[in-house]
Amino acid sequence: MRITKPIQSTAGLFALALSAFAQTTMQEHPEAYPRADIEYGARLYSEHCDRCHGANGAGVAGINLASGKFRSATTDGQLRMVITNGFPTAGMPPFRLDIADLTGLVAWLRNMNAIDRGSLKPGDPARGRVLFEGKGACESCHRVNAHGSRKGPDLSDIGTLRSAGYLERILVDPNGQLLPINRPVHLVTRAGKAYDGRRLNEDTYTVQMMDTDGHLQSFVKADLREFKVSTKSAMTSYKGELKPDELADLVAYMLSLKGAQ
Ligand code: HEC
Ligand code: HEC
């Protein structure tokens, strides 16, 4: 931006600051969406949308998906609705996609203009599975399709529940992502028996947990001598442990876990 006239009034300065802010947020737009979501969305787009809209987004007459402006949607929420409902009479079928898929597609639509699809390096689900079952030792805490441990949440349908960006973040910052309900708990009954595990559910009077042996336990709070909920995740960060490529492969594998159909 070039300023040709000195600005005297504070109102003018304020306006200048505002427009500078608008400009940086525009420039920084690509970073507003997690890279993992953009990559996953680009893959889904080529699978589901290319055939009509084309790789450049201009395949349907009168519509340019890469322009960042949509006739029928302004917000991301509206874009999700457009994709979900389609335009059956005008020739776009409805898409029954889950949260992970919709989040990815919207992230890609918002960034089509700024990012060259060929430059993206999406992870590989098959390599991710090998990491999950091998070097990553994820199965020592997690279960997928009846394989593995119950210490951590069952991940059999994690690919329908969580976005690519979330899955990438939890691997490098599990504490930042800790879902309150999944927190580690420590409790001691009046009889003096101690239990450690993961909280599954809690209401005013009772708490349910999965103990470290994978058994479901339910307690009446009034019967407890001690009840502590940890703010620290039982999962350690894989930042530095695994290479960025390996993290991307794990994310791709988890996104492929869509549960039993
Ligand atoms: C069979 C062809 C077809 C497929 C596949 C298809 N679309 Fe469309 N899409 C259309 C047509 C035709 C329209 C224009 C509808 C109208 O004119 O009202 C449209 C409109 C849209 C719009 C609204 C554009 C605007 O300016 O408001 C969006 C967003 C969109 N499509 C996204 C997608 C996405 C994302 C996918 C893949 C998940 C997809 N479409 C798959 C044919 C298709
Ligand atoms: C030492 C046990 C342990 C290991 C090893 C472990 N996790 Fe976890 N993980 C947990 C626990 C416990 C949670 C529940 C939330 C929390 O405590 O952070 C969790 C949460 C998650 C979640 C979020 C689930 C949701 O519903 O949002 C994902 C995804 C995940 N882990 C993936 C992995 C992957 C991939 C690996 C291997 C690279 C791994 N975990 C290794 C214990 C573990």
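This passage walks through a predicted model, from its overall make-up to its two iron sites, its nonpolar core and its sheet.

The protein has 261 residues, of which 38% count as buried. Its secondary structure consists of ten helices and seven strands. Contacts between parts of the chain that lie well apart in sequence are a useful starting point for a newcomer. Among contacts with a separation of 6 or more, 56% join residues 24 or more positions apart.

Two iron atoms, one in each of two ligands, give a good first view of such links. The iron atom of ligand 1 is coordinated by His53 through NE2 and by Met92 through SD, at 2.0 to 2.1 Å. His53 belongs to helix H3 (residues 50-53), while Met92 sits in the loop between helix H4 (76-85) and helix H5 (99-111), so that the pair links distant parts of the chain, 39 residues apart. Six donor atoms surround this iron atom with angles of 87 to 179° among them, and the site is octahedral. Both of the coordinating residues, His53 and Met92, are buried.

At the iron atom of ligand 2, the protein donors are NE2 of His142 and SD of Met235, lying 2.0 to 2.1 Å from the metal. His142 is found in the loop between helix H6 (125-133) and strand S1 (143-144), and Met235 in the loop between S7 and helix H10 (244-255); 93 residues separate the two along the chain. The ideal angles for six octahedral donors are 90 or 180 degrees. Around the iron atom of ligand 2, the six donor atoms subtend angles of 88 to 179°, and the arrangement is therefore octahedral. The two protein donors of this site are covered to unlike degrees: His142 counts as buried because its relative accessibility is 11%, under the 20% limit, whereas Met235, at 23%, counts as partly exposed.

His142 also appears among the contacts of Ser149, a residue in the loop between strand S2 (147-148) and helix H7 (158-161). Once neighbours within four places in sequence are left aside, Ser149 is in contact with Glu139, Ser140, Cys141, His142 and Arg143. Ser149 has a relative accessible area of 17% and is therefore buried.

Much of the helical part of the model can be followed through its nonpolar core. In soluble globular proteins, nonpolar side chains tend to be buried together. Here the largest nonpolar core holds 48 residues, and the members that touch the most others are Tyr45, Ile83, Trp108, Leu109 and Leu171. Helix H2 (35-48), H4, H5, H6, helix H8 (164-172) and H10 each supply at least two residues of this core. H5 provides the largest share, with seven residues.

Turning to the strands, five of them form an open antiparallel sheet in the order S6-S5-S4-S3-S7. Strand S6 (216-220) and strand S7 (224-229) stand at its edges; each has a single partner strand, so one side of each is left without a neighbour in the sheet. Neighbouring strands are turned by 40° against each other on average, direction ignored.

Strand S5 (residues 206-211) offers a closer look at this sheet. With strand S4 (residues 194-202), S5 pairs in the antiparallel sense over five bridges, and a hairpin of three residues joins S4 to S5. Within this pairing, Asn201 has Gln208 as its bridge partner, and Glu202 has Val207. Toward S6, S5 again pairs in the antiparallel sense over five bridges, with Met210 standing opposite Leu216.

How are the side chains of S5 arranged? In a regular strand, side chains alternate between the two faces of the sheet. Thr206, Gln208 and Met210 point one way from S5, Val207, Met209 and Asp211 point the other way, and all are buried. S5 is thus mostly covered, as six of its six residues are buried.

The hairpin of S5 and S6 has four residues between the strands, and Gly214 in its turn has a positive phi of about 85°. With a relative accessible area of 18%, Gly214 is buried. Although their positions lie 63 residues apart along the chain, the C-alpha atoms of Gly214 and Lys151 are separated by 6.0 Å.

Notes:
Residues are numbered from 1 along each chain as its sequence is written. Chains are lettered from A and ligands numbered from 1 in the order in which they are written. This is a predicted model: local features need pLDDT of at least 70, side-chain atom pairs count only at pLDDT 80 or more; totals for chains, interfaces and linings use all residues. Side-chain values use heavy atoms; hydrogens and water are left out. Two strands pair if DSSP finds at least two bridges between them. Axes are lines fitted to C-alpha atoms, for helices over the stretch in contact, and angles run from 0 to 180 degrees between N-to-C directions. Buried means under 20% relative accessible area, exposed over 50%, partly exposed in between (1.4 Å probe, protein chains only). Contact means heavy atoms within 4.5 Å. Donors are N, O and S atoms within 2.8 Å of the metal (3.2 Å for Na, K and Ca); water is not among the atoms, so sites may look incomplete. Four donors count as tetrahedral if all angles lie between 85 and 135 degrees; four count as square planar and six as octahedral if opposite donors are over 155 degrees apart and all others between 65 and 115; anything else is irregular. A nonpolar core is a set of buried Ala, Val, Leu, Ile, Met, Phe, Trp, Tyr and Cys residues joined through side-chain atoms within 4.5 Å.
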